[in-house]
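Student: I've got a new model to look at and I'm not sure where to begin. Could we go through it together, one question at a time?
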Amino acid sequence: MSYSDSGNAWRNDGGVQPHAYDPYLHPELFRGVATRRAFAFLIDMVVISVPVILGYLFIALFGVVTLGLGWALFWLAWPASVIWAIVYYGACIGGPSSATIGMRLMDLELRTWYGAPGYFVLGATHAVLFWVTVSFLTPFVVLVGPFNSRRRLLHDFVLGTVVVNNSVRAPVPQASRTW
């Protein structure tokens with residue numbers, strides 16, 4: 001049992017909130033999520049790649065204009081690409097729609113397991129953890145999705161996130177205020 005500060009009462013439920021999105025009560029939240037998530041990923045890769053390619057082209061042309069001196073900037077291109085991708089995911093998932101551009105086009109939204117919207121650190125961590133797990137466990141990361149009812153991938157389990165259909169998501173009721 002644990003002592004609850006909100007009502008000065010003892011609770012015997014462990015104090016853990018239930019999942020906000022139940023796949024058995026609301027299967028429409030998860031219908032087609034895996035396929036649309038794959039297409040959203042491809043769209044996001046295009047969105048991330050275009051500025052990176054333009055940056056490389058700029059450095060190449062700048063190197064020609066400066067007779068090779070500008071090519072020294074190529075050592076900055078790879079770290080800048082990684083920072084750009086992390087900022088993109090963090091800003092998009094931390095934004096008001098809790099979704100990247102690809103996810104918005106596919107009508108998806110990232111939420112925490114208890115229904116809260118995403119935030120910058122969660123979005124950035126989600127991207128980093130995805131790339132790290134894909135690098136080491138490529139088939140396992142994707143194969144986890146079809147075997148669970150919420151279609152969560154490995155990094156979703158670790159971070160406590162879930163991707164749902166945005167158009168059918170009902171707002172999660174907020175706790176009442178006690179003042």
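Tutor: Sure! Keep in mind that this is a predicted model. We can start with Ala91, which lies in helix α2.

Student: Okay, is Ala91 buried, partly exposed or exposed?
Tutor: Check its relative accessible area, which is 45%. Buried would need under 20% and exposed over 50%. Ala91 falls in between, so the label is partly exposed.

Student: What separates the C-alpha atoms of Ala91 and Gly123 in space?
Tutor: Along the chain, these two are 32 residues apart. In space, the distance between their C-alpha atoms is 7.3 Å.

Student: And what about Val82 and Val128, how far apart are their C-alpha atoms?
Tutor: Val82 is another residue of helix α2, and at 33% relative accessibility it counts as partly exposed. Its partner Val128 is 46 residues away along the chain. The C-alpha atoms of the two are separated by 9.5 Å.

Student: Let's zoom out. In what order do the helices and strands come?
Tutor: The protein chain has five helices and four strands. Read from the N terminus on, they run β-β-α-α-α-β-α-α-β.

Student: How much of the protein chain counts as buried?
Tutor: The chain has 179 residues. The share of them that counts as buried is 32%.

Student: What share of the contacts comes from residues 24 or more positions apart?
Tutor: Here we look at contacts in the protein chain with a separation of 6 or more. Of those, the share from residues 24 or more positions apart is 64%.

Student: Now α1. How does its reach compare with the expected span?
Tutor: α1 has 33 residues, and the expectation is worked out at 1.5 Å a residue. From first C-alpha to last, the helix is close to that expected value, reaching 48 Å.

Student: Where in α1 is the kink?
Tutor: The bend there is about 25°. It comes shortly before the proline Pro51, at Ser49.

Student: What covers the buried residues of α1?
Tutor: First, the buried residues themselves: they include Val33, Ala40, Ile48 and Val52. Among the elements covering the buried residues of α1 are α2, α3, β3, α4, α5 and β4.

Student: Same idea for α2: what covers its buried residues?
Tutor: α2 has 20 residues and reaches 29 Å, close to the 28 Å expected. Its buried residues include Ala77, Ser81, Ala85 and Tyr88. The cover over them includes α1, α3, β3 and α4.

Student: Is Ser81 buried or exposed?
Tutor: Ser81 has its place in helix α2. Its relative accessibility is 17%, and the cut-off for buried is under 20%. So Ser81 counts as buried.

Student: Which residue's backbone oxygen does the side chain of Ser81 reach?
Tutor: Leaving out residues up to four places away in sequence, Ser81 touches Val52 and Tyr56. Its side chain also reaches a backbone oxygen at 2.7 Å, and that oxygen belongs to Ala77.

Student: Which backbone oxygens does the side chain of Thr133 meet?
Tutor: Thr133 lies in helix α4 and counts as buried, at 11% relative accessibility. One backbone oxygen is reached at 2.8 Å, that of Leu129. Another lies 3.0 Å from a polar atom of the Thr133 side chain, and it is the oxygen of Phe130.

Student: Which residues does Thr133 touch, not counting those up to four places away in sequence?
Tutor: With those sequence neighbours set aside, we look for residues further along the chain. The ones touched by Thr133 are Thr138, Val141, Leu154 and His155.

Student: How many aromatic pairs are there, and what kind do Phe41 and Trp131 form?
Tutor: Searching the whole structure gives eight aromatic pairs. Phe41 and Trp131 sit 5.8 Å centre to centre, with 45° between the planes. Stacked needs under 30 degrees and edge-to-face over 60, so this pair is tilted.

Student: Why does that pair tie together parts far along the sequence, and how many residues apart are they?
Tutor: Phe41 belongs to helix α1 and Trp131 to helix α4. The pair therefore links parts whose separation in sequence is 90 residues.

Student: Last one: over which ring does the charged end of Arg152 sit?
Tutor: The charged end is 4.5 Å from the centre of the ring. That ring belongs to Phe157.

Terms used: Residues are numbered from 1 along each chain as its sequence is written. This is a predicted model: local features need pLDDT of at least 70, side-chain atom pairs count only at pLDDT 80 or more; totals for chains, interfaces and linings use all residues. Side-chain values use heavy atoms; hydrogens and water are left out. Rings of Phe, Tyr and Trp (its six-membered ring) pair if their centres lie within 6.5 Å; planes under 30 degrees apart count as stacked, over 60 as edge-to-face and the rest as tilted. Helices (H or I, at least four residues) and strands (E, at least two) are DSSP runs, numbered from the N terminus. A charge sits over a ring if NZ of Lys or CZ of Arg is within 6 Å of the ring centre and within 35 degrees of the ring normal. Buried means under 20% relative accessible area, exposed over 50%, partly exposed in between (1.4 Å probe, protein chains only). A polar contact is a pair of N or O atoms within 3.5 Å; within protein, one must be able to donate a hydrogen and the other to accept it, and residues adjacent in sequence count only if both atoms are side-chain atoms. Contact means heavy atoms within 4.5 Å. The expected span of a helix is 1.5 Å times one less than its number of residues. The bend at a residue is the angle between axes fitted to the seven residues ending there and the seven starting there.
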